[in-house]
Amino acid sequence: MAKQPVFGMHTRMHTEDALQRITGSTGLPDVPGGQWVDAQGLTGRSGSIKLTSCSSSPAMEPFGENMEDSAASDNSLRTSVPTKPTGYSTSGLSSVPLFEMNQEEDDDDVLSVQSRGGCSYALAPPAGSDPDAFTYMNFMKSHCCYDAIPTSSKLVIFDTTLQVKKAFFALVANGVRAAPLWDNKFKCFVGMLTITDFINILHRYYKSPLVQIYELEEHKIETWREIYLEYSVNRLISITPDASLFDAIYSLLKNKIHRLPVIDPASGNVLHILTHKRILKFLHIFGSMIPKPRFLQKQICEVGIGTFKEIATVQESASVYDALTVFVERRVSALPVVNEQGKVVALYSRFDVINLAAQKNYNNLNMTMREAIASRACWMEGVLKCYPHETLETIIDRIAKAEVHRLVLVDSEDVVRGIVSLSDLLQALVLTPAGIEALYS
């Protein structure tokens with residue numbers, strides 16, 4: 001069945017509202033394939049934000065990402081693949097008006113997994129080994145990245161000449177955590193802007209609530225990249241739609257990244273930003289098609305999946321700047337917030353840090369964690385926890401249904417004993433059976 005690209009009106013309204021807040025523009029122009037809009041609301045110039053959407057595989061139609069992930073999917077939407085600026089080939093990808101309304105009924109009740117080929121072939125387990133151990137490894141090797149891309153998703157693409165501050169506001173307004181960076185000089189994508197960049201800027205340049213962070217207020221993305229590249233090797237790590245999900249998991253864990261752009265090799269278009277969460281969700285939905293491994297019934301304390309030593313935590317009396325220091329030095333994505341008795345009272349993630357931009361509190365990093373948690377823009381339902389006696393299947397179901405990246409392992413007194421993350425699960429279920437220890441290398 002041919003895809004019918006459309007763009008939902010409620011998404012357009014959200015996009016226009018975002019542009020109004022970010023750029024001061026009165027709206028988003030109706031242009032084919034998505035248009036580049038600069039910081040003053042003008043088109044066709046540098047320093048721009050591109051708000052676009054993608055149409056891909058029908059395999060993931062029954063569900064979408066929440067506002068914290070890189071794709072805001074809707075079952076009623078089918079949208080066009082993002083196109084590059086005028087003059088660049090988009091062969092093999094459809095190009096339709098961005099705001100075309102679809103009057104046809106949607107067939108989202110049918111589940112299907114359509115692979116385009118190019119994936120690794122699943123291998124038979126070695127003689128004498130437990131075949132259950134290779135179940136998920138073979139599943140990931142037999143499915144491509146294209147299979148895990150939602151039918152409808154939103155991408156926000158930044159030109160490297162856009163101001164850093166406006167870029168971070170755009171991330172918040174669109175509910176995304178990362179955006180590909182387009183360099184108009186080189187005519188290609190050169191990297192990703194993520195919440196980690198925001199944390200690094202705040203941590204490096206913050207002095208006190210009385211001193212404005214000039215580097216955040218005035219720097220362009222390209223300026224920050226030049227400074228950042230002096231201290232690290234920063235290259236765009238991507239994957240093709242035909243690569244296997246096994247390869248995607250290896251790339252995510254080996255490079256210790258949380259966002260992997262899926263780029264079409266023929267056109268150079270970014271089709272989707274693949275995440276640990278998207279992959280686990282794909283497995284959770286379509287894993288019912290394969291036999292359930294017996295080890296899922298084992299307790300988490302038996303299988304030893306997770307981090308149980310030197311757990312990074314932060315006291316609720318500590319400052320937000322102290323939390324940023326832990327994020328930078330330990331390279332963790334979330335911190336259990338504990339009280340004086342060591343009991344977990346909240347979870348503070350990197351996504352919470354980007355909300356400082358929405359609340360314009362990034363100039364006051366001396367506030368305590370207790371104050372930062374109380375001032376969250378959205379209400380959070382406590383801490384998602386798990387216990388040593390719970391089975392691996394229970395923990396995977398809880399993570400998948402809650403659409404979170406990790407659970408805090410606690411004892412009967414709510415004292416932190418470990419963290420079970422998506423990275424831990426994917427390493428143990430997919431890479432370890434292949435003899436690969438990417439997460440710990």
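User: In this predicted model, what makes strands S9 and S10 a pair?

Analyst: Two strands pair if there are at least two bridges between them. Strand S9 (residues 334-338) and S10 are joined by 5 bridges, so the criterion of at least two is met. The two strands run antiparallel, and Leu-335 stands opposite Tyr-348 in S10.

User: Which residue in the turn between S9 and S10 has a positive phi?

Analyst: S9 and S10 form a hairpin with 5 residues between them. Gly-342, in that turn, has a positive phi of about 85°.

User: Why is strand S10 called largely enclosed?

Analyst: Buried means under 20% relative accessible area. In strand S10 (residues 344-349), 5 of the 6 residues are buried, so the rest of the structure largely encloses the strand.

User: What makes S11 and S13 edge strands?

Analyst: S11, S12 and S13 form an open sheet in the order S11-S12-S13, with mixed pairing. Strand S11 (385-386) and strand S13 (416-421) each pair on one side only. Between S11 and strand S12 (residues 406-410) there are 2 bridges, and these strands run parallel. Cys-386 stands opposite Leu-409 in S12.

User: How many aromatic pairs are there, and why is the pair of Phe-168 and Phe-198 called tilted?

Analyst: The count is 7 aromatic pairs. The ring centres of Phe-168 and Phe-198 lie 4.7 Å apart and their planes are at 55°, so the pair is tilted: the centres satisfy the limit of 6.5 Å, and the angle is neither under 30 degrees nor over 60. Phe-168 belongs to helix H3 (residues 164-174) and Phe-198 to helix H4 (residues 195-205), so the pair ties together parts 30 residues apart in sequence.

User: How do you know whether Phe-168 and Phe-198 are buried or exposed?

Analyst: The cut-off for buried is under 20% relative accessible area. Phe-168, at 1%, counts as buried, and Phe-198, at 0%, is buried too.

User: Why is the pair of Phe-282 and Phe-286 called tilted?

Analyst: Their ring centres are 5.1 Å apart and their planes are at 50°, so this pair is tilted. Both residues lie in helix H8 (residues 276-286), 4 residues apart, about one turn of the helix. Phe-282 is buried at 0% relative accessible area, and Phe-286 counts as buried at 1%. Phe-139, Phe-282 and Phe-286 form one aromatic cluster.

User: How do you know that Lys-141 lies over the face of Phe-246?

Analyst: The distance limit is within 6 Å of the ring centre, with a further limit of 35 degrees from the ring normal. Lys-141 is at 4.8 Å from the ring centre of Phe-246 and lies over its face.

Definitions and conventions:
Residues numbered from 1 in each chain as written. Predicted model: local features only at pLDDT ≥ 70, side-chain atom pairs only at ≥ 80, totals over all residues. Heavy atoms only, no water. Phe/Tyr/Trp six-rings, centres within 6.5 Å; stacked < 30°, edge-to-face > 60°. Buried < 20%, exposed > 50% of the residue type's maximum accessible area, 1.4 Å probe, protein only.
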